[in-house]
Amino acid sequence: MRAPASLLPLTLEHVCFEAGGRRIIDDVSLVIDGGSRTVILGPNGAGKSVLLRLCHGLLAPTAGRIEWNARERTSGPRKQAMVFQRPVMLRRSALANVAYGMKVAGVGATERGARARAALERVGLTHLAGRPARVLSGGEQQRLALARAWALNPEVLFLDEPTASLDPGATHEIEAAIAAIHAGGTKIVMVTHNLGQARRLADEVLFMHNGRIAERAHADRFFAGPATPEAAAFLKGELLW
Amino acid sequence: MDTIQLAFREALAMIGQLDPQLVEIVLLSLRVSLTAVVLATLVGLPLGAAIAVAHFPGRKTLIVVLNALMGLPPVVVGLVVYLMLSRAGPLGALGILFTPAAMIIAQAILITPIIAALARQAVEDAWREYQEQLHSLGAWPVQSALTLLWDTKFSLVTTVLAGFGRAAAEVGAVIIVGGNIDGVTRVMTTAIALETSKGDLPLALGLGIILVTIVLTLNAAAYLMKEAAQRRYG
């Protein structure tokens, strides 16, 4: 028996995305490999979230190609997951939210319960398993969203500013969970504009500016001395126009 | 003034004594309208959810038409159903004109657009919030629609009750296709119309009180349930 083909690398060739007559992603070519934690950095409006949605298949490029190593459908069981800036919780219990993701992914009913409980335990939400998900706090909901993604054992996990609206304590918990998911062998691709977070989590930085990848470097090198003036200005906290 | 007071007193007495004529009319009304609601719900909810989730040419036009059909005049529905079911009509062979079955059909046609249009709105609002997450998880369109219907179930109860209220309260359609035959097709609204014109105010008033009470009670219950659910589930 052959192991199922890996999703990665993900290849983007001359990808453009336009909406409302504006070019949001401008001719991006890129190969994302497995293993490391890739952090997409950049100022607001650089196109980070749109690039993430294009990779995940939520948006279709208006030009260019996006290709996974193995064929990946956009409906039915998927080997990639995404956690959004604002978690979207269904009107049911925390446990049922985690189980729902697995149900869509075709996991059998008996297995779902056990895996959902294990996922809740990993993010420290066991005591809230029976509570309606939508009345949990923002930090708890985001941990729940991570548990829902984690339970699917995705090969790639996309995160779109997962801590943008959370306090430092909740942010710390989310970052710990992301590190644990990565330690389990999941590729992390995360968008953030929080420099501290990027320093803590990134192995590799993709710096975006005006819809383009302005710079791509190892995190250490990037933070020690960025090659482009835009990235240098961003790191210094200057406004980019 | 005295006649009205007298009629009121007599009406309440009829209700208190469970007057057999009154009870028969109320039960037939409930049977007709509830069956019509069940049929309209079976068609309207999936239809509304499908329109909310699907993309197809002419979708906007369909939504406008559906919303307009919410205001369909009952007499027109009655007339059309009458033409279909009359002996010369395409469905005349069924022989169900002037039976409760004809009234059920007419009311179901009347309220299906109401349930579909209101469900479409509720489901579409939820869809806007869930869309990316459900796509991300890989949910199929039908799966998404079912999830949305389940998650909006408390709003949909109100939707279904709006349909019931409309069915129970309308007179134009049932009087045309039912004929208001005593003991066979006489329901609350047609009886009220007839008894008022005959001058038998107690029966008309009694039925009116019951009709309003039923609709009020159901809607109050639905409102309270939705409130409680919102507090519990967010």
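A colleague questions the modeller about a predicted model with chains A and B.

Colleague: What makes chain B a helical chain, in terms of helices and strands?

Modeller: Chain B has ten helices and zero strands. From the N terminus on, its elements run α-α-α-α-α-α-α-α-α-α. Its C-alpha atoms fill a box of roughly 65 × 50 × 25 Å along the principal axes.

Colleague: How do you know what share of chain B is buried?

Modeller: A residue is called buried if 20 or more other C-beta atoms lie within 10 Å of its own. Of the 234 residues in chain B, 41% are buried.

Colleague: And how far apart in sequence are the contacting residues of chain B?

Modeller: Take the contacts between residues at least 6 apart in sequence; 79% of them join residues at least 24 apart.

Colleague: How do you know that the length of helix 7 of chain B agrees with its number of residues?

Modeller: The expected span is 1.5 Å times one less than the number of residues. Helix 7 of chain B, residues 153–169, has 17 residues, so it should span 24 Å. Its end C-alpha atoms are 24 Å apart, and therefore the two values agree.

Colleague: Which residues of that helix are buried, and what covers them?

Modeller: The buried residues in helix 7 of chain B include B:Leu156, B:Val160, B:Phe164 and B:Arg166. B:Gly163 and B:Gly165 are buried too. The cover includes helix 2 (20–53), helix 5, helix 6 and helix 10 of chain B.

Colleague: Now the contact between the chains. What does each chain give?

Modeller: Chain B gives 16 residues and chain A gives 19 residues. On the side of chain B, helix 5 (100–137), helix 6 (141–151) and helix 10 (201–233) each give two or more residues. Helix 5 of chain B gives the most, with seven residues. By class, this side has five nonpolar, seven polar and four charged residues.

Colleague: Turn to chain A. Why is its six-strand sheet called open, and which strands are the edges?

Modeller: The strand order is 5-6-7-3-8-9, with mixed pairing. Strand 5 (80–83) and strand 9 (212–218) of chain A each pair on one side only. Those two are the edge strands. Neighbouring strands are turned by 15° against each other on average, direction ignored.

Colleague: How do you know that strand 6 of chain A pairs with strand 5 and strand 7?

Modeller: Two strands pair if there are at least two bridges between them. Strand 5 and strand 6 of chain A have four bridges, in the parallel sense. A:Gln80 has A:Val156 as its bridge partner. Strand 6 and strand 7 of chain A have five bridges and also run parallel. There, A:Leu157 stands opposite A:Ile188. From strand 6 of chain A, the chain crosses through helix 5 (residues 168–183) of chain A to strand 7, and this β-α-β crossover is right-handed.

Colleague: What joins strand 7 of chain A to strand 3?

Modeller: Four bridges join strand 3 (residues 37–41) to strand 7 (residues 187–191) of chain A, and these strands run parallel. A:Ile40 stands opposite A:Val191.

Colleague: Why is strand 6 of chain A called largely enclosed?

Modeller: Five of the five residues of strand 6, residues 156–160, are buried, so the strand is largely enclosed by the rest of the structure. In a regular strand, side chains alternate between the two faces of the sheet. A:Val156, A:Phe158 and A:Asp160 are on one side, and A:Leu157 and A:Leu159 on the other. All are buried, and both faces of strand 6 of chain A are covered.

Conventions:
Residues are numbered from 1 along each chain as its sequence is written. Chains are lettered from A and ligands numbered from 1 in the order in which they are written. This is a predicted model: local features need pLDDT of at least 70, side-chain atom pairs count only at pLDDT 80 or more; totals for chains, interfaces and linings use all residues. Two residues are in contact if their C-beta atoms, placed from the backbone, lie within 7 Å. Ala, Val, Leu, Ile, Met, Phe, Trp, Tyr, Cys and Pro count as nonpolar, Asp, Glu, Lys and Arg as charged, and the others, Gly among them, as polar. A residue is buried if 20 or more other C-beta atoms lie within 10 Å of its own, exposed if 12 or fewer, and partly exposed in between; C-beta atoms are placed from the backbone. Axes are lines fitted to C-alpha atoms, for helices over the stretch in contact, and angles run from 0 to 180 degrees between N-to-C directions. A crossover is right-handed if, with the strands pointing away from the viewer, the path from the first strand over the helix to the second runs clockwise.
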